[in-house]
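Work through the exercises below with the sequence and the coordinates at hand. Each task is followed by a solution in steps.

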Amino acid sequence: MDSASIGAPASSCSTPSNSAVIEHNHSDIFDDDSDYASGFDSYPSSLISSGTLASRNVNGRRYFSRRQVDYSLPYDEEEEVRLDLLHRIWTLTLEGRMFKAPITGSPDKILDVGAGTGLWAVDVAERYPDAHVFGTDIAPSKLPWTPPNLDMQLEDIEDDWVFPESTFDLIHVRSMVCFVTDWPRLLTQSLAALKPGGYIEFHDFSPPFECEDGSLAPSSVLSLWVKTWQEGAALSGRECGTVGPGMPAMMRAAGFENVVDEECKIPLTGEKPQDKRLREMCMCMLRQLLDGAEGRTLDMFIRVLGWGKEDVEDLIARVRSEMLNSEANTFSRVYIVYGRKPL
Ligand SMILES: C[S@@+](CC[C@H](N)C(=O)[O-])C[C@H]1O[C@@H](n2cnc3c(N)ncnc32)[C@H](O)[C@@H]1O
């Protein structure tokens, strides 16, 4: 099989239709009194006053909860490195662009929903120094430095939003599919928070891993791992596989217009692409999955699905081995979807 059939050509994406719970005061890692944003509007955080993160230790990895949110990925340095690798993958996927929505001129206010380590928010703040950028997350930001026009704010995006109506020119939502219980509500709140003519833009992976040449056996550990993880997410009220393909329809139903959607494929196992950009995307995907396999699996399989620790450790080892050795030509499908709030 030639490399072109493994993933989309370099230049084209297609446009189709047991746990210990510890309470942490986060004041040591989050400067609530930051005055970086002086001169810009600011909004009261819905979470900032609650002051505590409940964290749980699962087999040596740290996870946390806030109110009703049991976030199933870790909150530690290894996960930060993985998220930064994901940022690289997205930057390569978008060929250096921060977003694809046709925003002309310099946006005034931008929101990054579930900002994670904040690299997208930092990049966009530096690219648009006259814009005021907000990054929200249930976890406090650990950025050592933020540009003066960026506010990292503690918010549960499934709560009522604190931002006034018609505030933002752009709302960016990336890598959140398995972590939101009510997408229609998120889209409705985004529509309200956008200015007329403003855009929402969604970037995400869509599990499971796919293969178009039949080289992925149904008994593949990789497939079973993702399928079982998705079952755990569904038990926690979060659907994964239907969100990306369903996003254009969900945006239209929420009231967005001029909705545009693209699909790309990021190669994973099997034959490696010749194209330099695709090859780097593939290598970064493998790295972040190998590094992230433990963190992604422990909490979901032990706490949510009730697996035993040894079975989970065995699964993680087999998943890693298959990622490194499989000859199946698998890829991850990603969705890029944006839509405009009517004028
Ligand atoms: C997989 S990471 C993606 C981070 C970032 N969007 C990116 O692309 O690098 C998911 C992020 O969503 C955050 N998150 C999960 N549930 C959330 C919620 N209900 N409200 C706000 N943030 C949430 C997590 O803390 C984590 O930082």
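**Exercise 1.** What span should the 17 residues of helix 7 (residues 309-325) have at 1.5 Å a residue, and how far apart are its end C-alpha atoms? Then find which side of helix 7 is buried.

Solution. The model is predicted.

Step 1. The expected span is 1.5 Å times one less than the number of residues, so the 17 residues of helix 7 should cover 24 Å. The end C-alpha atoms are 24 Å apart, in agreement with that value.

Step 2. The buried residues of helix 7 are V312, V319 and M323. They lie on the same side of helix 7, because the arc they cover around the axis is only 30°. An α-helix has 3.6 residues a turn, so residues three or four places apart point the same way.

Step 3. E310, D311, D314, S321, L324 and N325 are exposed on the other side of helix 7. The partners of the buried residues are helix 4 (221-235) and helix 6 (276-304).

**Exercise 2.** Determine how strand 5 (residues 109-113) is covered and which strands pair with it.

Solution.

Step 1. Five of the five residues of strand 5 are buried. In a regular strand the side chains alternate between the two faces of the sheet. In strand 5, K109, L111 and V113 are on one side, I110 and D112 are on the other, and both faces are covered.

Step 2. Strand 6 (residues 132-137) pairs with strand 5 in the parallel sense over five bridges, and L111 stands opposite F134. Between these strands the chain passes through helix 2 (residues 119-127), in a β-α-β crossover that is right-handed.

Step 3. Strand 8 (residues 168-174) also pairs with strand 5 in the parallel sense, over four bridges. Here V113 stands opposite V173.

**Exercise 3.** Which residues touch the most other members of the largest nonpolar core? Follow one of them to its contacts, then examine helix 3 (183-193).

Solution.

Step 1. The core has 76 residues, of which A121, I171, I200 and I266 touch the most other members. Helix 6 supplies the largest share, eight residues.

Step 2. Take I171. With neighbours within four places in sequence set aside, I171 is in contact with L111, V113, S190, A193, L194 and I200.

Step 3. S190 and A193 are among the buried residues of helix 3, along with W183, L186, L187 and Q189. These residues fall within an arc of 165° seen down the axis, so they line one face of the helix. They pack against strand 5, strand 8, strand 9 and helix 5 (243-254).

**Exercise 4.** Where in the chain are E95 and S175, and is each of them exposed or partly exposed? Add the cis peptide bond from P207 to P208.

Solution.

Step 1. Most residues other than glycine have a negative phi, and most peptide bonds are trans.

Step 2. Phi of E95 is near 50°. E95 is in the loop between helix 1 (77-93) and strand 5. E95 counts as exposed because it has 11 C-beta neighbours inside 10 Å.

Step 3. Phi of S175 is near 55°, also a positive value in a residue other than glycine. S175 belongs to the loop between strand 8 and helix 3. With 19 C-beta neighbours inside 10 Å, S175 counts as partly exposed; a residue is buried at 20 or more.

Step 4. From P207 to P208 the peptide bond is cis, with omega near 0°. P208 lies in strand 9 (residues 194-211).

How values were computed
Residues numbered from 1 in each chain as written. Predicted model: local features only at pLDDT ≥ 70, side-chain atom pairs only at ≥ 80, totals over all residues. Helix = DSSP H or I, 4+ residues; strand = E, 2+ residues; numbered from the N terminus. Buried ≥ 20, exposed ≤ 12 C-beta atoms within 10 Å, placed from the backbone. Arc of directions from axis to C-beta. Contact = placed C-beta atoms within 7 Å. Pairing = 2+ DSSP bridges. Right-handed = clockwise from strand over helix to strand, strands pointing away. Core = buried A, V, L, I, M, F, W, Y, C linked by C-beta atoms within 7 Å.
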